[in-house]
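Please open the structure in a viewer and keep the selection tool at hand. This tour proceeds from one selection to the next and states what is found at each stop.

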Amino acid sequence: MSIHPVQPDDLHHMRAALSLAARGLGTTWPNPAVGCVIVRDGAVVGRGWTQPGGRPHAETEALARAGDSARGATAYVTLEPCNHHGKTPPCSEALIAAGVRRVVVACQDPDPRVAGGGLRRLKEAGLEVVVGVCAAEALALNRGFFSRISEDRPLYTLKLATTLDGRIATRTGASQWITGPTARAWGHGLRARHDAIMVGIGTALADDPELTCRLPGLEHRSPVRIVVDSRLRLPLNSRLAKGARDVPTWIVAREDADAARLQAFADCGAEVIPVPADAAGLPDLAAAGAALAGRGLTRVLVEGGATLAASLLRAGLVDRLEWFRAASVIGGDGTAAVAGFGLDRLDGMPGFERVSVRHAGADLAESYVRQAVPPA
């Protein structure tokens with residue numbers, strides 16, 4: 001935290017910067033989604049957020065809009081300004097060159113290339129720096145970026161659409177549609193705010209999904225499509241394979257997958273990511289997470305099926321739950337949303353904290369975050 005005092009309007013302007021940052025979720029990877037608001041004499045003179053592909057950065061955008069009005073102003077930034085030279089100059093230097101007098105930062109950047117260097121550069125140049133305004137909100141917003149840096153994996157959000165008794169299909173496999181149009185539209189909104197959508201091969205075979213965002217006006221926000229497919233069973237005439245040249249499509253498979261199938265998927269434009277097998281003969285999810293993080297992914301939305309959900313929960317990899325519940329019941333002979341994963345003791349259950357409940361038409365939408373593990 002900074003020794004400089006927090007001023008009355010700091011909270012208001014930082015919340016506005018966080019709202020701007022959220023616009024970039026799902027489009028800025030491998031970079032974080034950052035927002036910046038520049039204020040002079042009580043008036044907002046510049047706003048910016050990280051652009052698709054991760055650049056230009058939020059500060060650059062805001063400074064360009066502010067122009068000469070940035071001199072003597074306060075900049076509100078949701079993440080520590082970068083201090084390293086890449087494809088663009090450091091944002092810390094841009095703020096100094098623009099004549100900004102004061103910089104209010106929500107939280108420090110864990111990227112080793114930054115990690116406090118941006119804050120030091122600003123202070124050395126004589127700017128007043130305040131750190132920690134809306135820190136919890138900023139950390140939550142870019143939890144996926146922080147996970148990629150510190151845990152070598154993206155953030156995983158498990159999305160479920162079930163009946164009240166946790167079923168996703170009848171005993172005959174009928175599943176469309178358990179929830180209503182509002183819940184389905186919100187689900188597509190989740191796709192637009194994530195870098196990738198992941199499904200298991202069972203879901204891909206049963207549903208032949210497109211896994212695209214089909215909200216009007218947001219079709220361009222379709223994320224990377226990922227199928228966890230040990231033996232490359234995905235049909236080459238499936239929608240996913242046929243659309244691989246239009247929407248990036250990655251297949252996580254075992255390292256010993258058939259060479260001819262590997263070539264066939266390469267020919268149709270899909271990328272196969274080989275990883276070691278786990279004890280059950282499935283792709284090792286820790287290795288898969290590292291491979292996805294290495295490709296820059298920060299946020300992955302998991303949409304099915306029951307086996308993949310169980311594997312992620314068993315491995316402690318589910319960070320968030322988005323659970324849509326229809327006011328209906330299928331019964332015990334229906335398909336469960338989560339397959340069995342060998343739990344013997346109640347104290348071994350994955351735990352989550354509910355953070356919101358909303359009406360989604362006739363359905364309920366519940367959001368959860370993973371409970372922190374208490375210290376030993």
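Two strands are said to pair if DSSP finds at least two bridges between them. The model on display is a predicted one.

**First stop: the five-stranded sheet**

With that meaning of pairing in mind, select strands S1 to S5. These five strands form an open sheet in the order S2-S1-S3-S4-S5, and the pairing is mixed. Which strands stand at the edges? They are S2, covering residues 43–49, and S5, covering residues 128–131, and each of them pairs on one side only. From one strand to the next, the twist averages 15°.

Now restrict the selection to residues 74–77 and residues 102–105. The former are strand S3 and the latter strand S4; the two run parallel and are joined by four bridges. Within this pair, Val77 of S3 stands opposite Val105 in S4.

Next, add residues 10–22, which make up helix H1. Helix H1 packs on the sheet, where it touches strand S1 (35–40) as well as S2, S3 and S4. The direction of helix H1 makes about 145° with that of S1. Add residues 58–66 as well: this is helix H2, which lies across S1, S2 and S3 and runs at about 140° to S2.

**Second stop: a link between helix H1 and strand S4**

Keep helix H1 and strand S4 in view, and display the side chains of Asp10 and Arg102. These two residues form a salt bridge, in which the closest N and O atoms are 2.7 Å apart. Asp10 belongs to helix H1 and Arg102 to strand S4, so the pair links distant parts of the chain, 92 residues apart. Are these two residues buried or exposed? Residues under 20% relative accessible area count as buried. Asp10 has a relative accessibility of 0% and therefore counts as buried; Arg102, also with 0%, is buried too.

**Third stop: the nine-stranded sheet**

Move on to the other sheet. Nine strands form an open sheet with mixed pairing, in the order S11-S10-S9-S8-S12-S6-S13-S16-S15. Strand S11 (271–275) and strand S15 (352–360) stand at the edges and have a single partner strand each, so one side of each is left without a neighbour in the sheet. On average, neighbouring strands here are turned by 20° against each other, direction ignored.

Select residues 196–200 together with residues 299–304. These are strands S8 and S12, which run parallel and are joined by four bridges. In this pairing, Met198 stands opposite Val302 in S12.

**Fourth stop: Arg153 and a network of salt bridges**

How many salt bridges does a search of the whole structure find? The search finds 22. To examine another of them, select Asp319 and Arg143. Their closest N and O atoms are 3.6 Å apart in a salt bridge. Asp319 is in the loop between helix H12 (306–314) and strand S13 (320–325), whereas Arg143 is in helix H6 (residues 143–150); the two are 176 residues apart along the chain. With a relative accessible area of 5%, Asp319 is buried, while Arg143, with 22%, is partly exposed.

A further selection is Asp333 with Arg171, whose side chains meet in a salt bridge at 3.7 Å, N to O. Asp333 is found in the loop between S13 and S14, and Arg171 in the loop between strand S7 (167–169) and helix H7 (181–192), 162 residues away. Asp333 is partly exposed, at 49%, and Arg171 counts as exposed, at 65% relative accessibility.

Now select Arg143, Glu151, Arg153, Asp319 and Arg370. Salt bridges that share partners join these residues into one network. Centre the view on Arg153, which is in the loop between H6 and strand S6 (155–162). At 7% relative accessibility, Arg153 counts as buried. Apart from neighbours within four places in sequence, its contacts include Gly144, Ser147, Gly289, Leu317, Asp319 and Arg370.

**Last stop: Phe341**

Finally, select Phe341, in the loop between strand S14 (335–336) and S15. Beyond its neighbours within four places in sequence, Phe341 is in contact with Ala310, Leu313, Arg314 and Pro350. Add Ile149 to the selection: the C-alpha atoms of Phe341 and Ile149 are separated by 29 Å, and the residues lie 192 apart along the chain.

How values were computed
Residues are numbered from 1 along each chain as its sequence is written. This is a predicted model: local features need pLDDT of at least 70, side-chain atom pairs count only at pLDDT 80 or more; totals for chains, interfaces and linings use all residues. Side-chain values use heavy atoms; hydrogens and water are left out. Axes are lines fitted to C-alpha atoms, for helices over the stretch in contact, and angles run from 0 to 180 degrees between N-to-C directions. Contact means heavy atoms within 4.5 Å. A salt bridge is a side-chain nitrogen of Lys or Arg within 4 Å of a carboxyl oxygen of Asp or Glu. Buried means under 20% relative accessible area, exposed over 50%, partly exposed in between (1.4 Å probe, protein chains only).
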